[in-house]
Amino acid sequence: MNRVFPPPARAVSAVTASVLAACCLTACSGGGGEAPVALRVNQVGYVSGEQKVAYVMGDGKRLADAEYEVLDERGNTAAHGGLGPSLGSWNSTYGAVRTVDLTPLDRAGTYRLRLAGADGDPGVRFRVAPARQLLDPLRADSVRFFSTQRDGEDVLTDATGRVPSHLTDARARTYAMPRTASAADGTTPAPKPSHTAGTVDVSGGWFDAGDFLKFTHTASYVVAQMLTTVRDTPSVPGLREEARHGLRWLDRMWDGETGTLYAQVGLGSGAGEVRGDHDVWRLPEEDDRLTVAPGDADYLIKYRPVFRANGPGEPVSPNLAGRVGAAFALAAQTEAAERPAQAREWLDKAAAVYARADTRPGEGALVTTTPADYYPEQTWRDDMEWAAVELARGAEALGDARGPRWREEAATWARAALREERGGPLGPADVSALAHADVLASADPGADLTAALTAELGRQVETGRKRAAQDPFRSGAVPGDFDAVPNTFGLLATAELYARVTGDHRYDDFAAQQRAWVFGANAWGTSFVVGAGDLFPHCLQHQVANLAMSRSGRGDILRGAVVNGPNDAELLKEPEAFDGARPCSYAPEDAPWSAFDGRGAGYVDDVRAWQTVEPADDFTATALYALSLTAARS
């Protein structure tokens, strides 16, 4: 575990003694107290043959001439030396962050890092091992997370004791999208049922995050990313079947007979006398036990509305048409060898959704969720590029004559995306890295487009690398922004894709830094993936985890869940309480989390802090894909 360590039993030099004597169990300030020193390592472990960096944070003067030592499993000295130069100040207590270069340690094993002379302190533990040995357990945990997120009849009960939930989704009524513009009192109007649409079966799927809403926008991203992982990386137990579970739900959200795509199941926040999903803290199966009638406050909690992305036969928002089409086309690819007839059905569905896309959407017309600020999105050509290239690959796998046309369209959409859009971190708001990499790998785009796509992938990674160069812990994302952890995994995946399609490994060190950051080599000394490392989130803002699973970090925990991580410290000053939630707040014994806040970024492990510890499906899918790409090149 990363920790702030106490004074040593003895010292080996006057300088080191002055450094270590200044250490205390909590961050000290005022009253003549001395600043502590903290060590930060990748708690999951460092990959053999890669760059390995740990960090020492403390007072700049006291760390000036400090040295470190690494002990092997027998207590023998495996490495010794001086600290690297300061990478900058983190906060008023930790005025310097200095590096420890562990790269020469390539022999697999478990080691301990400490400052020289700290014989009375065990230091911090870390591993060195091949990538598959370190990452395969985490990839399996990611699949387990999705199994816990399941809704409908096919619920896995081993960890949570849950039973089937939201069975009324099998006969959901279609509602008109609530207006985003508010009424005079500031509330959002309740949705109005569409009486001509009848009912639709939208049961099953996954809960999107710590709540129980289900979105086509994020589910299609997750399914497509899972199937890409199945296609391109070493196998993960249970991943193919979990992807099929999500795929079955996506299939229900697409009505091919009427040309209708459904976008969302459930109402997020209610208004006035109508309550929505975010207004009640409970286990999902409790919704089925409600006795309600139309007009009751909880009616839309039991009988959840389903919202359409388009009217029957009308064009579909191109971002949704693109990524749903990509998911169906990837299903065709991954099923082609074993289930060719079913694969052809998936390819035809992919083609139908893709052909329905509105390729001239108006300003602000993209459909994501209700309200749209749950998952804002500005780009869509990348989604169409992704669909076209996956359709082409699916056609090739099945000997379908439409392949060349789709391959040409993939190149056309790639040029449009390069011309009109500027890609950001890989995630549900921007899939350009996935689309560009597959065009480069399979569509024979020609020399000019190849160069442009390669440059764009490099630019996306380079943006993160430049940010990292200014951050004391080499974070490529901005720790004080939303989605710092998933953005980091997105940068990691893009760096791996760049190396994969170009053979250029210039960003390998950057990728290793990003993995280290999310797994504990950060200011707070915690991993942001549940179950990964020695210290990780305990008190998730996740209703099933809070009400039906362990909150101690031991036993039945939500393994594999990826949380947002640090965020704007100002957002954490007034935590939001939820009636019915079991109180849970955790901090390491050595110091409060606030002692490690800096540069405007803060972190807490508290069920009330959705800004830092709410996991989400898209977060975890991006992490699974990034780690799988790393495992694939080992």
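**Group meeting talk: strands, helices, cores and one disulfide**

Hi everyone, let me start with helix α4, residues 239–253: its 15 residues reach 21 Å from the first C-alpha to the last, close to the 21 Å expected at 1.5 Å a residue. Before I go on, please keep in mind that this is a predicted model. Which residues of α4 are buried? They are Leu-239, Glu-242, Ala-243, Arg-244, His-245, Gly-246, Leu-247, Trp-249, Leu-250 and Met-253. You will notice that Glu-242, Arg-244 and His-245 are on that list.

Let's stay with helices and go to α9, residues 381–398. Here there are 18 residues, which at 1.5 Å a residue should span 26 Å, and the end C-alpha atoms are indeed 26 Å apart. As for its surroundings, 15 of the 18 residues of α9 are buried, so the helix is largely enclosed by the rest of the structure. Just after α9 comes Gly-399, with a positive phi of about 65 degrees.

Now for the nonpolar cores. The largest one has 153 residues, and the members that touch the most others are Phe-328, Trp-386, Phe-489, Phe-519 and Trp-524. Which helix gives the most to this core? That is α7, residues 318–335, with 10 residues. Let me pick out Trp-386 for a moment. If we leave aside its neighbours within four places in sequence, Trp-386 is in contact with Tyr-221, Ala-224, Arg-323, Ala-326, Leu-330, Val-431, Leu-434 and Ala-435. There is also a second core, separate from that one, with 21 residues; among them are Val-41, Tyr-46, Ala-79 and Phe-126.

On to the strands, and I'd like to begin with β4, residues 53–58. Is β4 mostly covered or mostly open? Mostly covered: 6 of its 6 residues are buried. If you turn the model, you can check both faces, with Val-53, Tyr-55 and Met-57 buried on one side, and Ala-54, Val-56 and Gly-58 buried on the other.

What does β4 pair with? One partner is β2, residues 38–40, in the antiparallel sense over 3 bridges. Within that pairing, Leu-39 has Val-56 of β4 as its bridge partner. Another partner is β7, residues 96–101, which runs antiparallel to β4 and is joined to it by 6 bridges. Two places to click on here: Met-57 has Val-97 in β7 as its bridge partner, and Val-53 stands opposite Asp-101 in β7. Strand β7 has 5 of its 6 residues buried, so β7, too, is largely enclosed by the rest of the structure.

Next, an open sheet. It is formed by 5 strands in the order β3-β9-β8-β5-β6, and the pairing is mixed. Which strands stand at the edges? Those are β3 (46–47) and β6 (77–82); each has a single partner strand, so one side of each is left without a neighbour in the sheet. Inside the order, β8, residues 109–115, and β9, residues 124–129, run antiparallel and are joined by 5 bridges. To find that pairing on screen, look for Thr-110, which stands opposite Arg-127 in β9.

A helix belongs in this picture as well. Helix α2, residues 131–148, lies across β3 and β9, and runs at about 110 degrees to β9. Ala-140 has its place in α2, and with 29% relative accessibility it counts as partly exposed. For a sense of scale, the C-alpha atoms of Ala-140 and Glu-345 are separated by 29 Å, while the two residues are 205 residues apart along the chain.

I've kept the disulfide for last. How many are there? The count comes to 1 disulfide, and it joins Cys-539 to Cys-584, with S to S at 2.0 Å. The link of Cys-539 and Cys-584 is left-handed, with -60 degrees about the S-S bond. Cys-539 sits in the loop between α14 (508–518) and α15 (543–548), and Cys-584 in the loop between β17 (567–568) and β18 (585–586), so the pair ties together parts that are 45 residues apart in sequence.

Are these cysteines buried or exposed? Buried counts as under 20% relative accessible area. Cys-539 has a relative accessible area of 1%, so it is buried, and Cys-584, at 11%, is buried as well.

That's my tour, thanks for listening!

Technical notes: Residues are numbered from 1 along each chain as its sequence is written. This is a predicted model: local features need pLDDT of at least 70, side-chain atom pairs count only at pLDDT 80 or more; totals for chains, interfaces and linings use all residues. Side-chain values use heavy atoms; hydrogens and water are left out. Buried means under 20% relative accessible area, exposed over 50%, partly exposed in between (1.4 Å probe, protein chains only). Helices (H or I, at least four residues) and strands (E, at least two) are DSSP runs, numbered from the N terminus. Two strands pair if DSSP finds at least two bridges between them. The expected span of a helix is 1.5 Å times one less than its number of residues. A disulfide is a pair of cysteine sulfur atoms within 2.5 Å. A nonpolar core is a set of buried Ala, Val, Leu, Ile, Met, Phe, Trp, Tyr and Cys residues joined through side-chain atoms within 4.5 Å. Contact means heavy atoms within 4.5 Å. Axes are lines fitted to C-alpha atoms, for helices over the stretch in contact, and angles run from 0 to 180 degrees between N-to-C directions.
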